[in-house]
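Student: I am new to this structure and would like a close look at one part of it. Please choose a helix, describe it, and then work outwards to what surrounds it.

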Amino acid sequence: MFSTPRYLAAAGALILLAAGCAGPSQPGSSPVDPPAGTAAADYPVTIDNCGTPVTFEAAPQRVVTIKSTATEMLLSLGLGSRIVGSAFADGPLPDAYADARIPVLSDQLPGTEATLALEPDLVYGGWESNFSAEGAGDRASLEALDVRTYVSPAACKAEGYKPDPLTFDSIFNDITEMGRIFGVEARADLVVSQEADKLAGITPDGSGLSALWYSSGEKTPYVGAGTGAPQLLMETVGLRNVAAGIDDSWSPMSWEAVAAADPDVIVLVDAAWNTAEQKIDHLTANPATAQLRAVRESRYLTVPFAGGEAGVRSVDTALSLEDQLRQLDPLAP
């Protein structure tokens, strides 16, 4: 892709462009993964991604992934060898990919020069905010340098593109779309089929339990709201989201509103920077929440941070929630 002199010139060009528009299975080749440098007969592939048209003349060969959802998507499609750098991971990989050797570009959001130094032909981000002058580069500027960009569709924010609400069909469509981009449609179809079979085996809890999805925050909690992955996961296992009326994927919610809802169950997002245990300590110490039934009776479910975002592990996250619900003691009268 880039020679070193061309990269240096490109990086300088990108900085100038950004200044004018700044704003906020096992890895490796699979049996259906086209050999490097080849293109299937149905290329070019043009995708409308969060309102940005992206055309792929051939399957990407050098990919920078930002956020766990992007990395795990490629691993599930047998495309781990295409990842030249990963960044901003939300936690460890699932056990199925524990042996994957994925080069780490950065533990945080990478800068533009560091991203371009890997000579990617695609930067695949989990959030739209990953693409900015302060981050990996804004999408238009990267495209001008012949670097394609792609955002996980579940994270789109524009009207007509954001989840309304998120469904498993839309997650499965995302897997299929990534299969088209890389020319591994058969592998994508297999992944969708396997996930759909697992999803069909989930039996929602029928007791009408209410739940709060507590993602982060102490002074003001940041919770799973009514249109994104938390809502979908809770609904799938039969939980009634106390924040379902908020038209967003995640949202701030006052402790007073949480106390008024008095959820039967609290789903705790477990992250290295804000663990489930830290959240429990805060809920127990906070006068506004200490007397909540779920807190008094330790009625908690946990999900890893990466499991709370839409992607190829969403069904497994729902299965885990189903299993944890079964293990909870019945509500006392």
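Tutor: What follows starts with one helix and moves outwards from there.

The model is a predicted one. The part chosen is helix 5, which has 15 residues. From its first C-alpha to its last, helix 5 reaches 22 Å, close to the 21 Å expected at 1.5 Å a residue. The approach to helix 5 includes a cis peptide bond, between Asp164 and Pro165, with omega about -10°. Pro165 sits in the loop that runs between strand 7 (148–151) and helix 5. At the other end, just after helix 5, Gly183 has a positive phi of about 70°.

Next, the burial of the helix. The buried residues of helix 5 are Phe168, Ile171, Phe172, Asp174, Ile175, Met178, Gly179, Ile181 and Phe182. An α-helix has 3.6 residues a turn, so residues three or four places apart point the same way. Ile171, Ile175 and Met178 are among the buried residues here. In soluble globular proteins, nonpolar side chains tend to be buried together. In this model the largest nonpolar core has 57 residues. Helix 5 (residues 168–182) gives the most to this core, seven residues. The residues with the most contacts inside the core are Leu77, Tyr124, Ile175, Met178, Phe182 and Leu239; Ile175, Met178 and Phe182 are also on the list of buried residues of helix 5.

Met178 shows what the helix packs against. With its neighbours within four places in sequence left aside, Met178 is in contact with Met73, Leu74, Leu77, Tyr124 and Tyr150. Apart from this core there is a second, separate one of 16 residues, which includes Val223, Val258, Ala276 and Val295.

Helix 5 also borders an enclosed space. The largest cavity holds about 90 Å³. Its lining consists of Thr69, Met73, Tyr124, Tyr150, Ser152, Pro153, Ala154, Ile171, Asp174, Ala310 and Gly311. Helix 2 (68–76) and helix 5 each supply at least two residues of that lining. By class, seven of the lining residues are nonpolar, three are polar and one is charged. Met73, Tyr124 and Tyr150 thus appear both in the cavity lining and among the contacts of Met178.

The largest pocket is a separate item, with a volume of about 530 Å³. It is lined by 28 residues, and the closest to its centre are Trp127, Lys157, Ser249, Trp250 and Glu309. The lining of this pocket divides into 13 nonpolar, nine polar and six charged residues.

Another helix can be set beside helix 5. Helix 7 (residues 229–236) is mostly covered, with seven of its eight residues buried. Just after helix 7, Gly238 takes a positive phi of about 90°.

Last, some backbone details elsewhere. Most residues other than glycine have a negative phi, and most peptide bonds are trans. The bond from Tyr43 to Pro44 is cis, with omega near 5°, and Pro44 lies in the loop between helix 1 (4–21) and strand 1 (45–49). Glu119 has a positive phi near 55° without being a glycine; its place is the loop between helix 3 (112–117) and strand 6 (122–125). Asp262, also not a glycine, has a positive phi of about 40°. Asp262 counts as partly exposed because its relative accessibility is 32%.

Technical notes:
Residues are numbered from 1 along each chain as its sequence is written. This is a predicted model: local features need pLDDT of at least 70, side-chain atom pairs count only at pLDDT 80 or more; totals for chains, interfaces and linings use all residues. Side-chain values use heavy atoms; hydrogens and water are left out. A nonpolar core is a set of buried Ala, Val, Leu, Ile, Met, Phe, Trp, Tyr and Cys residues joined through side-chain atoms within 4.5 Å. Buried means under 20% relative accessible area, exposed over 50%, partly exposed in between (1.4 Å probe, protein chains only). Helices (H or I, at least four residues) and strands (E, at least two) are DSSP runs, numbered from the N terminus. Contact means heavy atoms within 4.5 Å. The expected span of a helix is 1.5 Å times one less than its number of residues. On a 1 Å grid over the protein atoms alone, a cavity is a set of points where a 1.4 Å probe fits but cannot get out, and a pocket is an open set with protein on both sides within 12 Å along at least five of seven lines; lining residues have an atom within 4 Å of a point. Grid points are joined across faces, edges and corners, and a volume is the space filled by probe spheres set on the points. Ala, Val, Leu, Ile, Met, Phe, Trp, Tyr, Cys and Pro count as nonpolar, Asp, Glu, Lys and Arg as charged, and the others, Gly among them, as polar.
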